[in-house]
Amino acid sequence: MSFEDYKGVYVFVQQVDNKISGVSFELLGKAKELAKDMDTEVTAVLLGYKVSSLYDELAKWGADKILVVDDPALEPYTTEPYAYCMNYIIKNYKPSVVLYGATAIGRDLAPRVSARVKTGLTADCTKLEVDPETKGLRMTRPAFGGNIMATILCPEHRPQMATVRPGVMQKVKPQAGRKVPVEVADVKLGAEQKNVDVVEVIKKISDKIDIQDAKILVAGGRGMGKEENFKLLKDLADVLGGEVASSRACVDAGWCEKDIQVGQTGKTVRPNLYIACGISGAIQHLAGMEESDVIVAINKDSYAPIFEVADYGIVGDALKIVPELTSKLKEALA
Ligand code: FAD
């Protein structure tokens, strides 16, 4: 079997309760770019039950073709039937590239698939590009605790597989009304693939907005001093209509919940405005926020690395500057 037999960029479409997860649209956007450079097409692989209502959305966000398996065994997600389908699809359709979201589902599924089809998997990529000479996929991700960026190739096996965290890639401009061919993959799921029964799904109810969806983030670091001082950040965020985020130091200290951590082991965010208060700007933190449109940094150390990525820098005590900013903004916006 030669590498020429493997064609196309495939995106595993994550859907939960028949709603496509945002990362899948981001991956379709990236896949579109890669497919252009590889002179091939983007196929969205949609697994689930009664999912035909999702076809138009996938076409709108960049899929050139949809490959679907519609089966009751695929709702809700469980590992074995999904891994079985992906294994079948890869062996029968021979994609050159397969992308997955680095979500709980993608992180569960992709390594299993890679073991079954005997290929590599590069997890948590921050950059994907096509090598102009070999047309192979160059997969870049942080390595050694984020201190270097490693570019990984998969020169001896196919497909080339990668996971990408939500928020890292950008969606393409949507094209409403686009229709693309849909093919039903002939996968037969039997009792032997259903080795887990989901008895009940208990959803966590939260009234908080996901920091990845927020347009404005006011983020605090260890320089905020203590948990109670995060109230100052909340006040500023409220005036601006934003949300509070944090560095890992504050999560480790127990001041904040993990779901608001920005960075390599937290979330990747790309808001219009990111205000970093008392955050030094360690590389692992920057990895999660440096693509923000406008970055404002408040730090009492003028040499703090956060100032290297900041558009506006304020050198001073965040505990004094943040409340002042809040009150000035309140006046201005009144
Ligand atoms: P510090 O580095 O301690 O910085 C505090 C800053 O506050 C300093 O610059 C100081 O000058 C300033 N300051 C102090 N007092 C004030 C004041 N009153 N007013 C204004 N400024 C003040 N970190 C993340 O954030 N996200 C991650 O996802 C992440 N993942 C990691 C993964 C790995 C594998 C590793 C090894 C580390 C990771 N880290 C991550 C940790 C990272 O290396 C840093 O330790 C962390 O980001 C530091 O957080 P900080 O900036 O809040 O604290």
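Biologist: What makes the pairing of N299 with the ligand a polar contact?

Modeller: A polar side-chain atom of N299 lies 2.8 Å from an oxygen atom of the ligand; a polar contact is a pair of N or O atoms within 3.5 Å, so this pair qualifies. The model is predicted: local features require pLDDT of at least 70 and side-chain atom pairs pLDDT 80 or more, while totals for chains, interfaces and linings use all residues. Numbering runs from 1 along each chain as its sequence is written, and side-chain values use heavy atoms, without hydrogens and water.

Biologist: How do you know that S247 and V262 also make such contacts with the ligand?

Modeller: A polar side-chain atom of S247 is 2.6 Å from an oxygen atom of the ligand, and a polar backbone atom of V262 is 2.8 Å from a nitrogen atom of the ligand. Both pairs therefore fall within the cut-off.

Biologist: How much of the ligand does the protein bury?

Modeller: The protein buries 77% of the 980 Å² that the ligand exposes when taken alone (Shrake-Rupley method, 1.4 Å probe).

Biologist: Why is the largest space called a pocket?

Modeller: On a 1 Å grid over the protein atoms alone, probed at 1.4 Å, a pocket is an open set with protein on both sides within 12 Å along at least five of seven lines. The largest pocket holds about 1,100 Å³ of space. Of its 28 lining residues (an atom within 4 Å of a point), G22, P166, D210, Q212 and D213 are the closest to its centre.

Biologist: Which element gives the largest share of that lining?

Modeller: Three residues come from α1, the largest share.

Methods: A polar contact is a pair of N or O atoms within 3.5 Å; within protein, one must be able to donate a hydrogen and the other to accept it, and residues adjacent in sequence count only if both atoms are side-chain atoms. Grid points are joined across faces, edges and corners, and a volume is the space filled by probe spheres set on the points. Helices (H or I, at least four residues) and strands (E, at least two) are DSSP runs, numbered from the N terminus.
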